[in-house]
Amino acid sequence: MPLDEFSLIETFFRRPTAPAAGVLAGIGDDCALLDGGAAGVLAVTTDTLVADIHFPARASAFDIGQRALRVNLSDLAAMAAVPRWFLLALTLPAADEDWLRAFSAGLFAVADAHGCALVGGDTTRGPLAVTITALGAVPANVALRRSGASAGDQVFVTGALGGAAAALADMTQTGACSAADTTLNARYWYPEPRLREGVALRGIASAAIDISDGLVADLGHVARASGVAAELELEKLPLCGAALARFGSDQTRDWALGGGDDYELCFTVPTSRLAALETAVRAGRLRALPVGRLVSGTGVHARDGAGRSLALTRTGYRHF
Ligand code: ADP
Ligand code: MG
């Protein structure tokens, strides 16, 4: 059997030794957490976007630049970290000045909006690919991990799902680099890293992850890391209205479960902290849309409106 993305990482890159000094969280979460001593805890994450795999190569360079940073900041949001610095490793087929001007304008628009400074990187020639390493700050012991959840916790997401995959389907169908519907287009090209929400969930959520590969896959990571099972209530899934209008509810639900690229947070809250969550929601600090709960067992399961168990067919995108 060929190795999938996650068994590849487990087999060749996770070493069976104790974590190195200063590593509070290593491989397996949205960010590594590194103890910087007096400087505090650093959350560190890196993501690569490859042309024609993660985005259409002919897309606007401004859009490519700003989206590359947004998706990295999303991993900081998932750990409740505040962005501070980032590095940019850029592989370019050619040094096209117009392209670079637009790309850097997009990149810095997001960097400036989040007070995040570019401090280094690497530039090479080859097929277009953008790798960003983002570093954020989070006080010790308040970072949100994938592993903190327990059976009985409620599961929430911060916004509607399925829109980004709908936009991608629209672009694939039409051959265009943007979706005609501006709401759908924004869901794919301008995902909002839920940084404010991540910080608001400090002390409230027991676990969190950003939804990059689809709710089933990403909630599955939380369930596995926490040693519990998740039960989704399908009729409660918040579906992107623009995707519903264009593609209907069955298709949009499939995309919400397995489509990816939405970059909302999925988080879990113990019943003892639901009142604190309610207070944060009332204060306008975040949206918390309930989608299910955690139970003992393994895996991610689904129930329909009548409480019947349903098999999940879409389990999220994997590279191998
Ligand atoms: P995310 O979707 O949050 O970016 P991934 O699913 O890509 O996370 O990765 C899962 C975990 O494996 C993360 O902790 C990531 O840092 C780690 N990881 C991915 N690739 C490698 C690698 N080649 N070597 C070491 N760790 C890796
Ligand atoms: Mg992530």
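This is a short chat about the pockets and a metal site in a predicted model.

Colleague: Before we start, what are the ground rules for this model?
Modeller: It's predicted, so local features need pLDDT of at least 70, side-chain atom pairs count only at pLDDT 80 or more, and totals for chains, interfaces and linings use all residues. Residues are numbered from 1 along each chain as its sequence is written, chains are lettered from A and ligands numbered from 1 in the order in which they are written, and side-chain values use heavy atoms, with hydrogens and water left out.

Colleague: OK, which residues lie nearest the centre of the largest pocket?
Modeller: Glu5, Phe6, Asp47, Ser212 and Asp213, out of 46 lining residues. A pocket here is an open set of points on a 1 Å grid over the protein atoms alone where a 1.4 Å probe fits, with protein on both sides within 12 Å along at least five of seven lines; lining residues have an atom within 4 Å of a point.

Colleague: And where does that pocket lie?
Modeller: Between domain 1 (5–138) and domain 2 (154–310), because both give residues to its lining. Those bounds come from an automatic or database domain assignment.

Colleague: Switching to the magnesium ion (ligand 2), what are its protein donors?
Modeller: Asp30, Asp75 and Asp210, each through OD, 2.0 to 2.1 Å away. Donors are N, O and S atoms within 2.8 Å of the metal (3.2 Å for Na, K and Ca); water is not among the atoms, so sites may look incomplete.

Colleague: How are the donors spaced in sequence?
Modeller: As D-x44-D-x134-D.

Colleague: Are Asp30 and Asp75 buried or exposed?
Modeller: Both are buried, meaning under 20% relative accessible area (exposed is over 50%, partly exposed in between; 1.4 Å probe, protein chains only).
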